Amino acid sequence: MYKDGEQPPISAASLQIDRKTEHAAELGDQKEFQPQSTAAAKEELHRAETEPPPMVSNSDLQKLRTSPARQASVAMGEINRAEYVSVGESPSPSISNAKKVSVLPLVFLIFYEVSGGPFGVEDSVGAAGPLLALLGFLVFPLIWSIPEALITAEMGTMFPENGGYVVWVSSALGPFWGFQQGWMKWLSGVIDNALYPVLFLDYLKSEIPALGGGLPRVAAVLALTVILTYLNYRGLTIVGWVAVILGVFSILPFAVMGLVSIPKLRPSRWLVVNLKDVDWNLYLNTLFWNLNYWDSISTLAGEVENPNKTLPKALFYALILVVLSYFLPLLSGTGAIVLNRELWTDGYFSDVAKIIGGAWLGWWIQGAAAMSNMGMFVAEMSSDSFQLLGMAERGMLPEFFSKRSRHGTPLIGILFSASGVVLLSWLSFQEIVAAENFLYCFGMILEFLAFIKLRIKHPAASRPYKIPVGTAGSILMCIPPTILICIVLALSTVKVMIVSLAAVAIGLLLQPGLKYVEKKRWLKFSVSADLPDLHFANRNRSDTLVY
């Protein structure tokens with residue numbers, strides 16, 4: 001038996017030669033690595049075949065992880081994506097033994113990370129009218145969703161491990177900013193998740209008035225959080241297939257509503273607009289909230305089956321599904337009934353369905369809304385909790401965050417995320433959306449910087465999926481969403497700005513505080529031996545992929 005946190009000794013016979021490292025070492029621009037990478041690895045293999053297998057201690061294991069062959073592999077961006085293994089390492093038992101997520105469940109996990117259906121888009125009509133609402137859900141994906149999804153596909157396949165965007169920013173800008181990215185994105189995700197019990201109860205309170213406030217509402221929030229948290233505990237594959245079932249059930253009634261509404265459609269109703277009466281803050285925040293979080297799936301990349309191909313494909317299918325699930329219901333809802341902008345608030349689609357198709361369709365939409373919020377909750381919690389696990393595996397958080405349950409799920413991360421949801425569920429819908437958008441914007445700026453820096457400094461690094469634009473194109477692609485970020489931040493209320501900046505300040509203090517705790521050894525921190533190094537002693541080498 002080994003002590004808690006201690007790595008078991010490994011034999012030299014378990015050393016593996018990374019064929020990609022060997023191939024890359026033969027390339028002209030990587031010649032300096034050839035004698036070190038292939039020769040050193042082959043010598044180890046020959047020794048393993050001719051001598052009794054020596055045992056490697058924990059300190060020796062750490063040396064193996066920073067050997068020239070190991071550095072060459074990561075420096076050139078050549079990573080064995082199937083097992084994420086290189087010279088001197090063995091596959092992660094925690095990942096290899098877990099059943100991984102395939103394309104279809106991943107599509108619906110992304111769908112629920114980003115959308116979950118048209119529930120919550122009603123405020124766009126109330127804030128700006130039908131025309132701007134419809135145009136917003138067509139134009140906004142071009143400005144924001146597509147660039148974010150493309151960056152997620154490239155960076156997620158470049159670093160296919162749990163932690164996602166935290167690892168991207170750490171590799172490009174250093175561990176301090178990687179931690180800030182993790183803090184802001186996790187907090188933003190938890191705030192976002194606090195919204196779903198609120199939306200769930202808002203859709204039911206018209207039929208069950210007791211859920212509108214007081215003790216029954218608090219009890220309902222707690223019960224819902226406990227049930228859905230348990231689903232996350234049981235395993236990501238279960239969550240993925242639950243998301244598929246919930247997704248089909250949530251989308252189907254809107255397809256029926258679209259068909260029923262065809263005889264009642266009046267195209268002139270789609271053209272109603274009054275630019276003098278637009279709540280731009282609510283309008284942009286609603287669009288932003290409903291069309292972001294494409295990068296959240298990256299924190300689950302280590303749990304995805306063949307992420308090189310699966311992740312880009314799933315992002316493409318999910319993008320189409322999300323845009324259609326917003327635009328078509330808005331088209332039928334605004335075109336089939338007389339406009340009353342004051343009524344278009346969160347939860348109004350169930351009333352629209354009753355007007356168009358009758359009470360039965362309204363009840364179906366209410367049930368779909370409940371199911372959708374369940375799907376969004378479990379998908380977001382999966383992303384948030386695996387992000388904490390990935391940060392712990394990188395030594396950014398105490399080691400206990402990396403512990404998995406017997407179902408392969410990050411138990412401590414799930415409990416932390418659930419606690420945050422309960423504490424924040426008292427906020428209103430608009431306050432939640434504005435606060436999480438503000439924090440999310442800061443995180444996206446760091447992602448754009450990391451993406452551009454890696455493209456400039458390491459244009460030839462291995463990218464299993466690469467956006468078909470050069471360095472200049474990469475910079476240009478990030479300009480429109482960055483302008484949008486600045487607009488969203490500028491339109492934030494003073495209350496939201498103060499609360500969000502205070503949260504950012506906590507992160508700036510939390511990282512050095514955790515470093516102090518690590519230095520004093522009050523809590524144990526460790527970097528997983530199953531992951532490639534992001535930081536080398538010699539950071540000035542021009543061929544090093546990471547910071």
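Here are some questions and answers about this predicted model.

Student: Which residues are linked with Glu154 in a network of salt bridges?

Tutor: Start with Glu154 and Arg455, whose closest N and O atoms are 2.8 Å apart. Glu154 also forms a salt bridge with Arg463, this time with 3.0 Å between the closest N and O atoms. So Glu154 takes part in both pairs, and its partners in the network are Arg455 and Arg463.

Student: How many residues apart in sequence are the parts that Arg463 and Glu154 tie together?

Tutor: Look at where each one lives: Glu154 is in helix H8, while Arg463 is in the loop between H18 and helix H19. The pair therefore ties together parts of the chain whose separation in sequence is 309 residues.

Student: Is Glu154 buried or exposed?

Tutor: The cut-off to keep in mind is that buried means under 20% relative accessible area. Glu154 has a relative accessibility of 0%. That's under the cut-off, so Glu154 counts as buried.

Student: Which residue meets Lys185 in a salt bridge?

Tutor: Lys185 has two contacts worth a look. Its charged end sits over the ring of Tyr165, 4.2 Å from the ring's centre. The salt bridge, with 2.2 Å from N to O, is with another side chain, and that residue is Asp295.

Student: Why does the pair of Phe140 and Phe288 count as edge-to-face?

Tutor: The two ring centres are 6.3 Å apart, and rings pair if their centres lie within 6.5 Å. Next comes the angle: the planes are at 85°, and over 60 degrees counts as edge-to-face. So the angle that decides it is 85°.

Student: Which helices does that pair of Phe140 and Phe288 tie together?

Tutor: The two residues are 148 apart in sequence, so the pair ties together distinct stretches of the chain. Phe140 belongs to the helix at residues 130-158 and Phe288 to the one at residues 280-290. Those helices are H8 and H13.

Student: What about Phe316 and Tyr317: what kind of pair do their rings make?

Tutor: Their centres are 5.8 Å apart, and their planes are at 55°. Planes under 30 degrees apart would be stacked and over 60 edge-to-face, with the rest in a third class. An angle of 55° falls in that third class, so the pair is tilted.

Student: How many of the 35 residues in H16 are buried?

Tutor: Helix H16 runs over residues 359-393 and reaches 51 Å from its first C-alpha to its last. H16 is mostly covered, and its count of buried residues is 28.

Technical notes:
Residues are numbered from 1 along each chain as its sequence is written. This is a predicted model: local features need pLDDT of at least 70, side-chain atom pairs count only at pLDDT 80 or more; totals for chains, interfaces and linings use all residues. Side-chain values use heavy atoms; hydrogens and water are left out. Rings of Phe, Tyr and Trp (its six-membered ring) pair if their centres lie within 6.5 Å; planes under 30 degrees apart count as stacked, over 60 as edge-to-face and the rest as tilted. Helices (H or I, at least four residues) and strands (E, at least two) are DSSP runs, numbered from the N terminus. A charge sits over a ring if NZ of Lys or CZ of Arg is within 6 Å of the ring centre and within 35 degrees of the ring normal. The expected span of a helix is 1.5 Å times one less than its number of residues. Buried means under 20% relative accessible area, exposed over 50%, partly exposed in between (1.4 Å probe, protein chains only). A salt bridge is a side-chain nitrogen of Lys or Arg within 4 Å of a carboxyl oxygen of Asp or Glu.
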